Amino acid sequence: MADKKEKLFSDFSPVSTEQWMAKVTADLKGADFEKKLVWKTNEGFKVKPFYRMEDLEGLKTTDALPGEFPYLRGTKKDNNEWLVRQEVRVESPKEANTTALDILNKGIDSLSFHLKAKELDEAYLETLLNDIQAECVELNFSICQGHAVKLAELLVAYFQKKDYDVKKLHGSINYDFFNKMLTKGKEKGDMLQAAKALLEAIQPLPFYRVLNVNARSLNNAGAYISQELGYALAWGNEYMSQLTEAGIPAAVVAKKIKFNFGVSSNYFLEIAKFRAARLLWANIVASYQPECLRDCDNKGANDECRCAAKMKVHAETSTFNLTLFDAHVNLLRTQSEAMSAALAGVDSMTVVPFDATYGTPDEFSERLARNQQLLLKEESHFEKVIDPAAGSYYIENLTTAIAKQAWELFLSVEEAGGFYVAIKEGSVQAAVNESNKARHKAVAQRREVLLGTNQFPNFNEQAGNKAPLEKTCCCGGQETCEKDVDTLIFDRASSEFEALRLETEASGKRPKAFMLTIGNLAMRQARAQYSCNFLACAGYEVIDNLGFETVEAGVEAAMAAKADIVVICSSDEEYETYAVPAYQALNGRALFIVAGNPECTDALKASGIENFIHVRVNVLETLKEFNAKLLK
């Protein structure tokens, strides 16, 4: 068999990069290679259209092995297992317990309880965890940060009472001083004192992590990948720096930090992000020379002694790109996001249910979210292969590029005083909010596509009772909403299009857009399809047609259909003949639009035609203008 393979490949002569470039250059017919085929990512680096083996030369990423420092290829050696997590909001501890026991029989092996601080006591916790075998499932808890120490003490007491083997207990308490500043604008208490008390309280549980880096907040606010990673590293380093200066051993601090990343739909870049994250964090921790790393200098020490440098990573699919309309498309987004996180070797994962933008997820949507991960495990066997991206010319280069961008951002934050200072000054919030603004502009111009929202919307869908969920500004509603610092903006990418479409629906005047197709068959059909998709983004009813012999016949049919909008769809050359007569025949009885940007645009405007739709216009702003005219 080996001989046959050798003969097969020997039949093909090797092709050099120079030969590939010569062929590409010829096919471009004089067009600039850099402008046509090299694209620049939002992260600021360029991506080539193809990579070859020589692109790996000098990349140290190719020297890494699974489960070995600096953990570029993952922290596991024998498999790629990850924990499937589901969130449980605790309104009643008994009901939450029933829910938890049920989903533990449906593939869940990591639970995340969101607790109500005012009800927390020993009885509350015992009811919540009744019959849950804590040695067999990862238990994670979120609570207002002022009650984190009390929760830690109650957990320790509960596990000791149940006589559990603490070395088999894994979980976390989601204490994050900095995330509250970013999301709520609140600086409450003293981080150093609270963290020290929490570390002391949780000390009997060696595998519980309690210092969290909730970089998913950056992701959900629209941060670019390099921003999320760079700030996450500075975030984690703030814990390391402050607590080690306070006398706590570096190994102790590092082993209590947990990173919670978001996952966007940028498939390959997300794989690269997680690989780069482990690499960079391992080197940051190593710079503190924790005890277990110093022990590695001993002859014969194995890699387990470097455990403090292992990044513990939980991944959660993004909410920034979730949509209210055509919400089942969210399943496609979250599935690709889950795939990239799984292939990248995360430790646990939450898939956000597809309906999370407009309601409390129900049993059906939560089941789908669970099964999205279970399909990757049990049918696609993603848990069997460690870092399959290793050696990929493309992904290895992406990993290096993202690591470089994130590291530069990390260094800039550190040089300016650290992450805490950056939040106090508002520079983190300002940078991420600027990215949010830029991404909204890209969505408005269709440079960033949200299927079902700004491209190929479901023409006939109505929101009905669905409405975007409102976020509360305070923890449990017990505090004022006054802010100590600026906060992140969490407007989803689709939010402005949704507001526009909801405005149309609420008006009760759903406009009809009639396609007046005439002339060149191919061009009129293409432009009618483009126009239908364009106008349906605002929730308009669209009426396509096979074509008309004359503009008068088209206008007559439009008026018979009671059209509010008439879009003339033809070729650029034929607009000189058809556009003005159609506009004059319509005589102001409906909004008149030309589909395209013909050379005769100035002449058409001089005749009184004002509205043109084409790939260069801002779709959102144009539709807002139409709504202002049609819904008044």
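**View 1. Residues 295-302 form a low-confidence stretch of this predicted model.** pLDDT stays under 50 over residues 295-302. For this stretch the model has five contacts beyond four places in sequence. The protein chain as a whole has a mean pLDDT of 93. Of its residues, 95% reach 70 or more.

**View 2. Strand β5 is enclosed by the rest of the structure.** β5 covers residues 138-142. Five of its five residues are buried, so the strand is largely enclosed by its surroundings in the structure. Both faces of β5 are covered. E138, N140 and S142 lie on one side. L139 and F141 lie on the other. In a regular strand, side chains alternate between the two faces of the sheet.

**View 3. β5 pairs with β4 and with β6.** Strand β4 spans residues 110-114 and runs parallel to β5. Five bridges join the two strands. S112 stands opposite N140 in β5. To get from β4 to β5, the chain passes through helix α5 (residues 122-128). This β-α-β crossover is right-handed. Strand β6 (residues 171-175) also runs parallel to β5, joined by three bridges. In β6, S172 is the bridge partner of N140. The chain goes from β5 to β6 through helix α6 (residues 148-161). That β-α-β crossover is right-handed too.

**View 4. L139 and F141 belong to the largest nonpolar core.** This core has 124 residues. Which of them touch the most other members? They are F113, L139 and F141. Helix α12 (residues 267-287) gives the core its largest share, 11 residues. Apart from this core lies another, of 52 residues. Its members include A528, C537, Y540 and L604. In soluble globular proteins, nonpolar side chains tend to be buried together.

**View 5. L139 has contacts with residues from several parts of the sequence.** Neighbours within four places in sequence are left aside here. L139 is in contact with L111, F113, L129, I132 and A134, among others. Its contacts also include F159, H170, G171, S172 and Y208.

**View 6. Five strands form an open sheet.** The order is β12-β11-β13-β14-β15, and the pairing is parallel. Which strands stand at the edges? They are β12 (541-543) and β15 (611-613). Each has a single partner strand, so one side of each is left without a neighbour in the sheet. Neighbouring strands of this sheet are turned by 25° against each other on average, direction ignored.

**View 7. Strand β11 pairs with β12 and β13.** β11 is mostly covered, with five of its six residues buried. β11 and β12 pair in the parallel sense over three bridges. F514 stands opposite I543 in β12. The chain crosses from β11 to β12 through helix α20 (residues 521-536). This β-α-β crossover is right-handed. β11 (residues 512-517) also runs parallel to β13 (residues 565-569), and five bridges join them. A513 stands opposite I565 in β13. T517 has C569 as its bridge partner in β13.

**View 8. Helix α21 lies across β11 and β13.** This helix covers residues 551-560. α21 runs at about 160° to β11.

**View 9. S435 and E434 both lie in helix α18.** The helix spans residues 427-444. Is S435 buried or exposed? S435 has a relative accessible area of 4%, so this residue counts as buried. Neighbours within four places in sequence aside, S435 is in contact with G222, A223, Y224 and Q227. E434 is partly exposed, at 48% relative accessibility. From C-alpha to C-alpha, E434 and N212 are 25 Å apart in space. In sequence, these two residues are 222 residues apart.

Methods:
Residues numbered from 1 in each chain as written. Predicted model: local features only at pLDDT ≥ 70, side-chain atom pairs only at ≥ 80, totals over all residues. Heavy atoms only, no water. Helix = DSSP H or I, 4+ residues; strand = E, 2+ residues; numbered from the N terminus. Buried < 20%, exposed > 50% of the residue type's maximum accessible area, 1.4 Å probe, protein only. Contact = heavy atoms within 4.5 Å. Pairing = 2+ DSSP bridges. Axes fitted to C-alpha atoms, helices over the stretch in contact; angles between N-to-C directions. Core = buried A, V, L, I, M, F, W, Y, C linked by side-chain atoms within 4.5 Å. pLDDT = per-residue confidence, 0-100. Right-handed = clockwise from strand over helix to strand, strands pointing away.
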